[in-house]
Amino acid sequence: MMHFPLMGAGTGIYVDLLAKELIKRGDEVRVLCSGHEKPNKPYPLDTLLFKNDNTNVYDVPFDFPVFASHPLSKGKQFGNLSKEERKVYTNAFRKKIANEIKILKPDLIHVHHGWIIASIVSEYDIPYVITLHGTEYYAFNTFPEYQEEVLNGLKAAKKIMALTQKEKDQAIEAYGLNNDDIIIVNSGTDTDLFKPLTIDKSALLNSYNIQPTDQPIVFFGGRMTPQKGLDTLIRAAKIYNNSTINPVTILAGDG
């Protein structure tokens, strides 16, 4: 279960690949996500539909809220939802979750992000685990009106998974969790997709209207949001651009 679509950002891709691999292993899986339309996937799922400029059918009459930003949403940050909007959002997810539990009768629920869904799931007598993806930590500190609800969901989980040691340390500090409550499960890499390629560097740079150079290239690809640390890279570039090597810095992304 997740608060966001199965595409557009890292968490969605993570959930999509995880569902596919669990089914290959022989597990029975259903996914609940958000979006503007139900995605076509090779596994059973349901989607909490949010309104945008191109939708006429929806469960929630506004675009899905975000922690900081999401390339598929024009919605508000969670902290900017009105009390009525927050109630509509929570009740819509509560209804979907109840229906999913009725259909699958799960032995285990896997919640992504320590946020509102986990609190709803904690109302059932079903064990659940949570994977933290980092952005919920920033939201927890930024939107204090959600903190009690978030803590209820986190503290009732059977286990919490963090992607890195830093995220584990942040969770212990922010949420008051014990060290043994959290395990580190690093993200895997699809080596069929991500692998070294032999390319014509000059032709590639030319295709993006970048003058070919023998200088080293520093490349960032990702969403341009505060938690990605682009400000640190830009400050570093100011320093290394004054070196005799003088690398070229290229940024690619949205935000």
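## Strands, pockets and one small cavity

Strands β7 (residues 217-221) and β8 (residues 248-252) run parallel and are joined by five bridges. Within that pairing, F219 sits opposite I250 of β8. To get from β7 to β8 the chain passes through helix α8 (residues 230-240), and this β-α-β crossover is right-handed. Keep in mind throughout that this is a predicted model.

Another parallel pair turns up earlier in the chain. Here four bridges hold strand β3 (residues 109-112) to strand β4 (residues 128-132). If you want a residue to start from, take H110, whose bridge partner in β4 is V129. The connection runs from β3 through helix α3 (residues 116-121) to β4, again as a right-handed β-α-β crossover.

Stepping back, the protein chain contains eight helices and eight strands. Its C-alpha trace spans about 65 × 40 × 40 Å along the principal axes. Of its 255 residues, 40% count as buried. As for contacts with a separation of 6 or more, 53% are between residues 24 or more positions apart.

### Open space: the pockets

Now for the gaps. Rolling a probe the size of a water molecule over the atoms shows where empty space is left. The two pockets at the top of the list look like this:

| Pocket | Volume | Lining residues |
|---|---|---|
| Largest pocket | about 1300 Å³ | 39 residues |
| Second largest pocket | about 700 Å³ | 26 residues |

In the largest pocket, the residues that lie nearest the centre are G10, T11, Y14, L163 and S187. Helices α1 (10-24), α4 and α6 are the elements that each put two or more residues into that lining. Of these, α1 gives the most, with nine residues. Sorted by class, the lining of the largest pocket has 14 nonpolar, 18 polar and seven charged residues.

What about the second largest pocket: which residues lie nearest its centre? They are L22, E28, V29, L108 and H110. H110 is the residue we met above as the partner of V129. At least two lining residues come from each of α1, β1 (31-35), α2 (83-104) and β3. Once more α1 gives the most, this time with five residues. The class split for the second largest pocket is 17 nonpolar, two polar and seven charged residues.

### Closed space: the cavity

How many cavities of 30 Å³ or more does a search of the whole structure find? Just one, with a volume of about 40 Å³. Its lining is made up of L132, G134, E136, Y137, E167, Q170, A171 and Y175. Two elements, α4 (135-142) and α6 (165-175), give two or more residues to that lining. The largest share, four residues, comes from α6. By class, the cavity lining has four nonpolar, two polar and two charged residues.

### Two residues to click on

E136 is a good place to look first. This residue belongs to helix α4 and helps line the cavity. Is E136 buried or exposed? With a relative accessible area of only 2%, E136 falls under the 20% limit and therefore counts as buried. Leaving out residues up to four places away in sequence, E136 touches F67, H113, G114, W115 and Y175. Among these, Y175 is itself part of the cavity lining. For a sense of scale, take E28, one of the residues nearest the centre of the second largest pocket: the C-alpha atoms of E136 and E28 are separated by 28 Å, and the two residues are 108 positions apart along the chain.

D107 makes a handy contrast. You'll find D107 in the loop between α2 and β3. Its relative accessibility is 68%, over the 50% cut-off, so D107 counts as exposed. Which residues does D107 touch, once those up to four places away in sequence are set aside? The answer is I126 and P127. Along the sequence, D107 and Y128 are 21 residues apart, while their C-alpha atoms are 8.7 Å apart in space. Y128 falls within strand β4 (residues 128-132), the strand that pairs with β3.

How values were computed: Residues are numbered from 1 along each chain as its sequence is written. This is a predicted model: local features need pLDDT of at least 70, side-chain atom pairs count only at pLDDT 80 or more; totals for chains, interfaces and linings use all residues. Side-chain values use heavy atoms; hydrogens and water are left out. On a 1 Å grid over the protein atoms alone, a cavity is a set of points where a 1.4 Å probe fits but cannot get out, and a pocket is an open set with protein on both sides within 12 Å along at least five of seven lines; lining residues have an atom within 4 Å of a point. Grid points are joined across faces, edges and corners, and a volume is the space filled by probe spheres set on the points. Ala, Val, Leu, Ile, Met, Phe, Trp, Tyr, Cys and Pro count as nonpolar, Asp, Glu, Lys and Arg as charged, and the others, Gly among them, as polar. Two strands pair if DSSP finds at least two bridges between them. A crossover is right-handed if, with the strands pointing away from the viewer, the path from the first strand over the helix to the second runs clockwise. Buried means under 20% relative accessible area, exposed over 50%, partly exposed in between (1.4 Å probe, protein chains only). Contact means heavy atoms within 4.5 Å.
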